[in-house]
Amino acid sequence: MMIITRLFLIASLVLPLRANATSALPTGLFVATLLNSHPLPRIERVPSQDGWEHWFKLEQGLITLRPDGRFIASFKYYRQHVAPKAAVRPGPLLNETYKGKFSVKGTQITFLPDPNKQSKHPPAMVGTINGDKMNIPYIVAQGQSTHPLRMDMKREGNW
């Protein structure tokens, strides 16, 4: 009887700790709502080192956080390399997808993409997550110029 009571006591202490450890990871579908404080779709012009601009229009951004610590991020956008302030005739709608691992410490979320065709060691991305909201800052660097971007996201669905 004493052994059963001890086992029950140990199980009642350990099992909630394990449940909390797995439920600590945020999960669900996060949808981009803002890019640089403006609603999507959003157009940005980033100066390039040749004096031209990288024009892009972000139509959609989605990040799925899975309970196993993996993520899938996909973005739909248009992109053109144009003369400054030139008229733009967007080409086809482009789609990029990234997969990898994520981790959370406090309100900091770190994305570590898997190796892909563009990079064998893609850089980690660090953002913040607080409840149903997440934001991810990113610096676009072209030669001497830098252009900060910030994507704000909201959870739209659970895993």
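Tutor: Helices and strands here are DSSP runs: at least four residues for a helix, at least two for a strand. Keep in mind that this is a predicted model.

Student: Thanks! How many helices and strands are there in the protein chain?

Tutor: The protein chain has 1 helix and 10 strands. Follow the sequence and you meet them in the pattern α-β-β-β-β-β-β-β-β-β-β.

Student: And what share of the residues counts as buried?

Tutor: Of the 159 residues in the protein chain, 26% count as buried. The accessible surface of the chain is about 10,800 Å², and carbon and sulfur atoms account for 59% of that surface.

Student: Now the backbone. What should I expect for phi and for peptide bonds?

Tutor: Most residues other than glycine have a negative phi, and most peptide bonds are trans. Let's look at some special cases, beginning with a peptide bond. From Leu40 to Pro41 it is cis, with omega near 0 degrees. You can find Pro41 in the loop between strand S2 (38-39) and strand S3 (42-47).

Student: Where is Asn36, and what is the sign of its phi?

Tutor: Asn36 sits in the loop between strand S1 (28-35) and S2. Its phi is positive, about 50 degrees, although Asn36 is not a glycine. Asn36 is partly exposed, with a relative accessible area of 21%; buried would mean under 20%.

Student: Is Lys85 buried or exposed?

Tutor: Lys85 is exposed, because its relative accessible area is 77% and exposed means over 50%. Lys85 also has a positive phi, near 60 degrees, and lies in the loop between strand S5 (70-82) and strand S6 (94-105).

Notes:
Residues numbered from 1 in each chain as written. Predicted model: local features only at pLDDT ≥ 70, side-chain atom pairs only at ≥ 80, totals over all residues. Heavy atoms only, no water. Buried < 20%, exposed > 50% of the residue type's maximum accessible area, 1.4 Å probe, protein only. Areas by Shrake-Rupley, 256 points an atom, 1.4 Å probe, with all protein chains shown as cover.
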